[in-house]
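Reader: Before the terms are applied, I should like each one justified. Please set every value against its definition.

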Amino acid sequence: MSTPNPTGSVAGNGLKLGVLLMATPLLLWLVLLVLLPHIDLLMVSLRERISYGKYEFSFVNYIEFFTEPLYWNTYVRTATMSILATALTLLIGFPVAYYIAKVMRGRAKNVLFLLCLIPFWVSELVRTFGWMILLRESGVVSHFLQWAGLVDGPVEMLYNDVTIMVGLVYTSMLFMVVPLVSVLDSLDDSLIEAGYDLGGNAFTVTRDIVIPHAMPGIASGCIVVFMLTLGNYLTPTLLGGKSSLWFTDQIYTQFITRFNWETGSAFGFLLLVLSSFIVWLGLKLSRQTLSDTVG
Amino acid sequence: MADLKLNQIRKSYGAVDVLHGIDLDVKDGEFVVFVGPSGCGKSTLLRIIAGLEDITGGDLLIDDDIVNHKTPKDRGIAMVFQSYALYPHMTVYKNMAFGLKLAKTDKAALDERVRAAASILQLDQLLDRRPSELSGGQRQRVAIGRAIVRQPKVFLFDEPLSNLDAALRVQTRIEIAKLHQKLKSTIIYVTHDQIEAMTLADKIVVMNAGQVEQVGSPMQLYHHPKTRFVAGFIGSPSMNFTRVKITASAGETVTVEMPGGATATLPFSVPAGDIGKEVELGIRPEHVELDRTGDLPVTGEVEVVEKLGDSTYLYVRLENADRVTLRAPGHSRVKVGETVQAAAEGGASHLFDGAGKAYRKTNCPAQYSADE
Ligand SMILES: Nc1ncnc2c1ncn2[C@@H]1O[C@H](COP(=O)(O)OP(=O)(O)O)[C@@H](O)[C@H]1O
Ligand SMILES: [Mg+2]
């Protein structure tokens with residue numbers, strides 16, 4: 001079993017160098033585009049502008065966040081809405097993924113999978129405008145309801161939380177379905193059949209066999225969807241308008257409208273902390289590790 | 001404990017018919033083996049019995065109840081899957097307890113039954129392991145244990161030994177036979193391996209292309225195959241076949257013309273209408289003996305010699321280019337290229353008509369008969 005391999009160390013070193021070379025672009029990308037900007041973000045967020053070109057170390061940006069209810073209300077609201085959107089996406093995506101992976105066979109399966117992809121061939125902006133065309137006061141749904149005699153006047157279906165939620169779930173669906181389909185594809189049919197054979201029904205088999213097996217896919221789908229939702233700017237702003245109260249909108253306002261980079265940075269950093277914390281908590285609660293999820 | 005009855009069971013996938021009307025009776029406590037070439041529908045039939053596939057036509061009865069539309073859960077049947085189908089996220093104990101947990105068995109009874117099954121299968125030491133930490137043979141035993149704890153009316157096994165290496169396969173085969181003696185439960189076992197079928201079965205069901213060819217005890221199938229397919233499938237090395245022509249039929253005997261032009265008179269009852277027809281004559285390698293004379297003489301050159309220790313198989317090429325396999329004693333010194341003479345008794349042979357159905361043998365010597 002442990003026969004000494006004289007060439008082992010040489011091969012090992014060669015391998016290491018190869019890996020290092022291949023990983024260089026990745027490392028450069030990580031350092032230059034992820035790590036450095038975030039360190040800078042942290043530094044900027046921890047200074048106070050005294051006068052033109054003069055800065056001092058201070059927590060004032062963070063204090064501002066905690067003392068202004070609008071800010072942290074938006075923060076908490078964004079987090080809850082994102083968690084809810086993630087949960088809804090999972091709830092809708094799971095049966096869809098199960099159907100694609102386990103019920104469909106052969107060609108029909110690929111076709112259905114492609115159909116799920118089609119909405120993503122147009123940009124998020126266009127997709128969201130699509131919803132606006134349907135839901136606005138003078139939109140398709142409103143007209144239809146009036147024509148059918150169900151309502152008296154035009155109805156406005158934009159600019160409320162339900163619409164934001166619909167938009168967010170719709171936008172995220174693919175990112176949930178893809179990892180779920182791939183993890184469910186790897187579940188051997190005989191494991192499911194054995195579950196029924198051992199006296200299970202659809203509910204117990206799903207709970208005790210399918211979900212435990214799909215857990216890594218569920219976790220990775222949820223992480224991606226949660227992060228995308230939390231950091232989404234377009235969908236909440238377009239569908240929710242001014243009432244969207246999405247935290248990214250606050251960051252945008254600080255950076256672009258008010259040109260207050262210090263507060264903007266602090267908010268950006270807080271958003272990063274929030275998403276990291278919730279992802280960590282989610283993994284802890286579901287007893288998954290990040291490596292399970294990725295691998 | 002249960003009787004099982006299959007009544008004209010048919011199964012189609014879309015336009016493809018897989019099973020064409022299967023009739024079968026399985027008695028309480030019987031060990032029944034479905035055997036047949038790959039793709040003949042054995043697994044499909046087993047899965048129909050388990051309730052994992054819908055029945056297209058016909059009825060399935062357990063203890064005289066039609067169970068066509070009952071879920072697997074309500075049939076009292078436990079299946080051991082070819083791939084074992086153990087749950088990777090559960091320990092051996094949990095895997096074995098899973099069925100009882102679903103049945104809401106109380107904790108103490110559950111524990112007792114799991115431990116009892118574990119001790120029968122020598123899994124006591126492994127209860128806390130995960131399936132990934134077990135060898136193939138151990139996984140197989142867990143899969144069997146998971147079925148045993150449920151105390152089902154019928155056990156179903158789908159090629160349970162096919163993923164094991166040769167030595168382990170023999171050992172596990174013996175364990176399954178012992179288990180059957182101990183539990184005295186009804187077992188339906190699927191395999192494509194005729195040796196497994198011969199060694200384990202009380203009753204063998206030979207299947208071919210979605211149909212039952214013959215049902216019988218291992219010795220009945222060996223000595224009295226009803227079709228050419230069964231004759232060729234059961235026995236190793238398989239039976240020799242040659243085309244012969246019927247020249248005369250006299251009630252209890254028939255005269256056939258062999259490929260070389262010689263004639264032989266054999267103990268079969270052949271209708272007069274079949275005179276002049278080409279039929280097939282079969283004879284098992286172990287029934288052709290060297291250096292003797294008999295109703296069916298064979299002379300030819302040895303092409304291949306296979307020495308198995310206790311016996312030697314000779315692959316002989318006849319003058320008319322037909323090939324015949326015969327069994328010689330283990331101490332035989334016959335070499336490749338030698339010309340040998342051998343012969344078989346007419347009573348050992350089998351005769352099949354154009355459709356592959358066996359003619360009735362009128363006089364069967366005791367050593368070629370399954371009758372006690
Ligand atoms: N789900 C299915 N859809 C279509 N054809 C199938 C399906 N399952 C099995 N078959 C076909 O049914 C036939 C019998 O299969 P099976 O019962 O697995 O054979 P065996 O177990 O004897 O090798 C095969 O020809 C196979 O291709
Ligand atoms: Mg099979």
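Author: A salt bridge is a side-chain nitrogen of Lys or Arg within 4 Å of a carboxyl oxygen of Asp or Glu. By that rule, the count between domain 1 of chain A and domain 2 of chain A is 0 salt bridges. This is a predicted model, in which local features need pLDDT of at least 70 and side-chain atom pairs count only at pLDDT 80 or more, whereas totals for chains, interfaces and linings use all residues. Residues are numbered from 1 along each chain as its sequence is written, chains are lettered from A and ligands numbered from 1 in the order in which they are written, and side-chain values use heavy atoms, with hydrogens and water left out.

Reader: Why is the pair Glu193(A) and Arg47(B) called a salt bridge?

Author: The closest N and O atoms of Glu193(A) and Arg47(B) are 2.6 Å apart. The limit is 4 Å between a nitrogen of Arg and a carboxyl oxygen of Glu, so the pair qualifies. Across the interface of chain A and chain B, the rule finds 1 salt bridge.

Reader: What makes the side chains of Arg228(B) and Glu280(B) a salt bridge?

Author: Their N to O distance is 2.7 Å, and the pair therefore meets the same rule of 4 Å for Arg and Glu. Between domain 1 and domain 2 of chain B, 1 salt bridge is found. The domain assignment, which is automatic or from a database, gives domain 1 (4-228) and domain 2 (237-362) in chain B.

Reader: How do you know which residues of chain A and chain B are in contact, and how many does each chain give?

Author: Contact means heavy atoms within 4.5 Å. Under that rule, chain A gives 15 residues and chain B gives 21 residues. Chain A and chain B bury about 1,600 Å² between them, 61% of it on carbon and sulfur atoms; buried area is the accessible area (1.4 Å probe) that two parts lose on being put together, summed over both. Of the area that chain A buries against chain B, 43% comes from Glu193(A), Asp197(A) and Leu198(A), more than from any other three residues.

Reader: What makes a pair of residues a polar contact, and how many such pairs lie across the interface of chain A and chain B?

Author: A polar contact is a pair of N or O atoms within 3.5 Å; within protein, one must be able to donate a hydrogen and the other to accept it, and residues adjacent in sequence count only if both atoms are side-chain atoms. Across the interface of chain A and chain B, 7 residue pairs fit (both at pLDDT 80 or more). Between domain 1 and domain 2 of chain A the rule finds 0 such pairs, while between domain 1 and domain 2 of chain B the count is 5 residue pairs.

Reader: Why do Tyr13(B) and Thr44(B) count as polar contacts of ligand 1?

Author: A polar side-chain atom of Tyr13(B) lies 3.5 Å from a nitrogen atom of ligand 1. For Thr44(B), an N or O atom in the side chain is 2.5 Å from an oxygen atom of ligand 1. The limit is "within 3.5 Å", so both qualify. A polar backbone atom of Cys40(B) is 3.2 Å from an oxygen atom of ligand 1.

Reader: Which residues are called near ligand 1?

Author: A residue is near a molecule if one of its heavy atoms lies within 4 Å of it. The residues around ligand 1 include Val18(B), Pro37(B), Gly39(B) and Lys42(B).
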